[in-house]
Amino acid sequence: MYRVTYEVAHGRPYSKLEELLLRAVNDAEGSTGRTFGELRDTFLVHDRLLTEALVTLIQEGWVAMVQQENEVHYLVTKEGRLTIEHGRRPSKLRVQTRHARIVRENLTGQLARSSDLRLVTGPNAVRATGVRSWKKYTLTPRMQRTKINGGETEPLLPRSRTQQEWIRWIDSVARLNQDLYYLPVQVDLAAAEVMGLPYQWRTLKSMILDEVTARQEDFADDPVFQEKLSQLMLAGATENGRRTSRGTAGTLSANPFAEAPVRCADLALTARAGRSLAESVLADCTGNVMLVVARMDEEKAGVAREVLSGLRRRGVNADLLWSLGGAAADTDDADGTAEKEIARGLGAARGAPGTGKVAFNRTSAPVATDLVLATTQRGPVAVIGADLLRPSAAEDRFGPAVRFSAPAALATVARLCAGWWEELPGEDGSLPAHRWKHLAERWSGEAARALGAGPAEPGERSAHCSDKECEGMLSLLIGPRSAALREEVGSGQAQRILTADGGLALDELVEQTACAPPSEAGGQLRATGGADGWRVLERTSDDWKPTEWPALPAPADHCRVAAADDEWLVEYAGAHGSALSFGFRGHVAARAWDRMCADRQSD
């Protein structure tokens, strides 16, 4: 269990009207202040807007009402005058420090609020069952991480929706205990059901069923213990003597890690097109950029060095976070040779001429996704995809990438990146972590002031879409949470279904897709992409007809895609670290199918 310290904020900086109104009252000649009629003639706005602005300033204590003869006059107060003299923009922002308890299950590493679970401790189990050897009934731990990324906890941190509170800062994550709390579950092997799991952990079901099946004799050797544990669950397990609450159900797609609106122009279907998106962001970058490179190898390191040198020459501060890939990751790089070679090559960028600062990690970081996050003249923007730093001439692969610019989503991603830096040993990541936390604070404030910020700048159009209402919704998913959305996308009776996995052979995937009889398998088109190519199954009257689909390159070896009609899921999973996956739905997802089919027909 972990204790997360964070800050919530509500309110907003005052509008430009309120700021100018305060100055107008302050600039009044003499001590009589301004009347409502004078202010109306000055600003020429509706009376309602003027009244609301005056009420706001009065509530803050910067403007006072004084009755003079038969008319109300508005005068600036001492506090209001000090605000103007110090050049501060009026603000009614309120910040409060809070704490939350977060637990992480040790099978896949998913998080949840402790208040959403019915947890028991060892003493609880002993008192309820009278069995001191209860630990032999626990499932085998598979996650050994002792830290959690503070950025991953953001969706779980309580804040008031009615007061429009937002997360301003995630300060620290302290581990309170380990292996103290347990979640009792009931397993019915005959019905293949697991009762007692919270909805957000439902993807653990198959893993639990597999282990209980393999250890069935161990779990069934003490029926008295099983009965008493069941009674404990029914009575409501207690945490420190109080009854805990049940979590609220909801779909994962309705509760993603972060969301952002996107346009068709923000979506790339291949790695090469994704690199073009990343290159455009880097070309526009000013101020700061975060580069996250998963599966770093010698080729990527060379490109990264050139990118860092170029950014330094332009005066851009660049933070590069990388993880090992290829053979080095498979062997865990026991002697650290690969890490040293990569760090040595990246270090050359610091010697390039220029004023920009360059920071990078010297040991492999817990990341499994390629990401570019940058500040530009038009605001912050990010790109997530596959192999974003490969050479332009590198072999193209199928691997969707997406660009987004919603400040709230970017703030969430920035906090996640800051958490990755904080997980590094020593002090290497302290400065980048602090920098991106501050940028996240700024962007979350901007999002609160301008709710509904759009995706790409107005007027940007895609060559693949001529519709004026060209918009969809992007959902970001962290770690194993994408598994639940994968199940949702793969179920149902969609007309068009796509399954791609660069880690499996095409024949194996086709066999999985075509195993259901036509009477049971819905849809009219099923596209399957494996490491050695693509194949499309088109439904005829009584069977599926296989046809080749050679237009698209084979999927990237670490990319897995599931799509059904107007919803797509793209996962860039890795054996090490936490992966940031994404899904998109709506118009952009439907147009992605049109682009795929157009490529196929033009081949």
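Start by selecting Glu 571 in this predicted model. Glu 571 has a relative accessibility of 3%, and because buried means under 20%, the residue counts as buried. Glu 571 belongs to strand S28, which runs over residues 567–572. Show its contacts next: leaving aside residues up to four places away in sequence, Glu 571 touches Ser 482, Ala 483, Arg 486, His 558, Cys 559, Arg 560 and Ser 581.

Now select Trp 568, Phe 582, Phe 584 and Trp 593. Ring pairs join these four residues into a cluster. Within the cluster, look at Phe 582 and Phe 584, whose rings form a stacked pair with 6.4 Å from centre to centre and 25° between the planes. The pair counts as stacked because planes under 30 degrees apart are classed that way. Phe 582 is buried at a relative accessible area of 0%, and Phe 584 is buried as well, at 2%.

The structure holds 5 aromatic pairs. Another to select is Phe 398 with Trp 534: the ring centres are 5.0 Å apart and the planes stand at 90°, so this pair is edge-to-face. Colour the two strands to see what the pair connects. Phe 398 is in strand S21 (residues 398–404) and Trp 534 is in strand S25 (residues 533–539), so the contact ties together parts that are 136 residues apart in sequence. Both Phe 398 and Trp 534 are buried.

For a charge over a ring, go to Tyr 199 and Arg 202. Arg 202 lies over the face of Tyr 199, at 4.1 Å from the ring centre.

The next stop is the second largest pocket, which holds about 1300 Å³ of space. To centre the view, select Thr 138, Leu 139, Tyr 182, Leu 183 and Pro 184, which are the closest to the pocket centre among its 48 lining residues. By type, the lining of this pocket divides into 30 nonpolar, 11 polar and 7 charged residues.

Then colour the elements around the second largest pocket. Those that each supply at least two lining residues include the strands S5 (94–104), S7 (120–121), S9 (181–182) and S10 (186–188). The helices that do so include H5 (122–129), H6 (205–214), H7 (216–219) and H8 (223–235). The largest share of the lining, 5 residues, is from H8.

Move to Leu 22, in helix H1 (residues 16–26). Leu 22 is buried, with a relative accessible area of 1%. Draw a C-alpha to C-alpha distance from Leu 22 to Trp 62: the two are 7.8 Å apart in space and 40 residues apart in sequence.

Do likewise for Arg 295, which is found in strand S16 (residues 285–296). Arg 295 has a relative accessible area of 18% and is classed as buried because the cut-off is under 20%. From Arg 295 to Ser 323 the C-alpha atoms are 5.5 Å apart, with their positions 28 residues apart in sequence.

Finally, zoom out to the protein chain. Its secondary structure comes to 17 helices and 29 strands. Of its 603 residues, 50% are buried. Among contacts in the chain with a separation of 6 or more, 75% are between residues 24 or more positions apart.

Technical notes
Residues numbered from 1 in each chain as written. Predicted model: local features only at pLDDT ≥ 70, side-chain atom pairs only at ≥ 80, totals over all residues. Heavy atoms only, no water. Phe/Tyr/Trp six-rings, centres within 6.5 Å; stacked < 30°, edge-to-face > 60°. Helix = DSSP H or I, 4+ residues; strand = E, 2+ residues; numbered from the N terminus. Buried < 20%, exposed > 50% of the residue type's maximum accessible area, 1.4 Å probe, protein only. Lys NZ or Arg CZ within 6 Å of the ring centre and 35° of its normal. 1 Å grid on protein atoms, 1.4 Å probe; cavity = no way out; pocket = protein on both sides within 12 Å on 5 of 7 lines; lining within 4 Å. Points joined across faces, edges and corners; volume = space filled by probe spheres on them. Nonpolar A, V, L, I, M, F, W, Y, C, P; charged D, E, K, R; others polar. Contact = heavy atoms within 4.5 Å.
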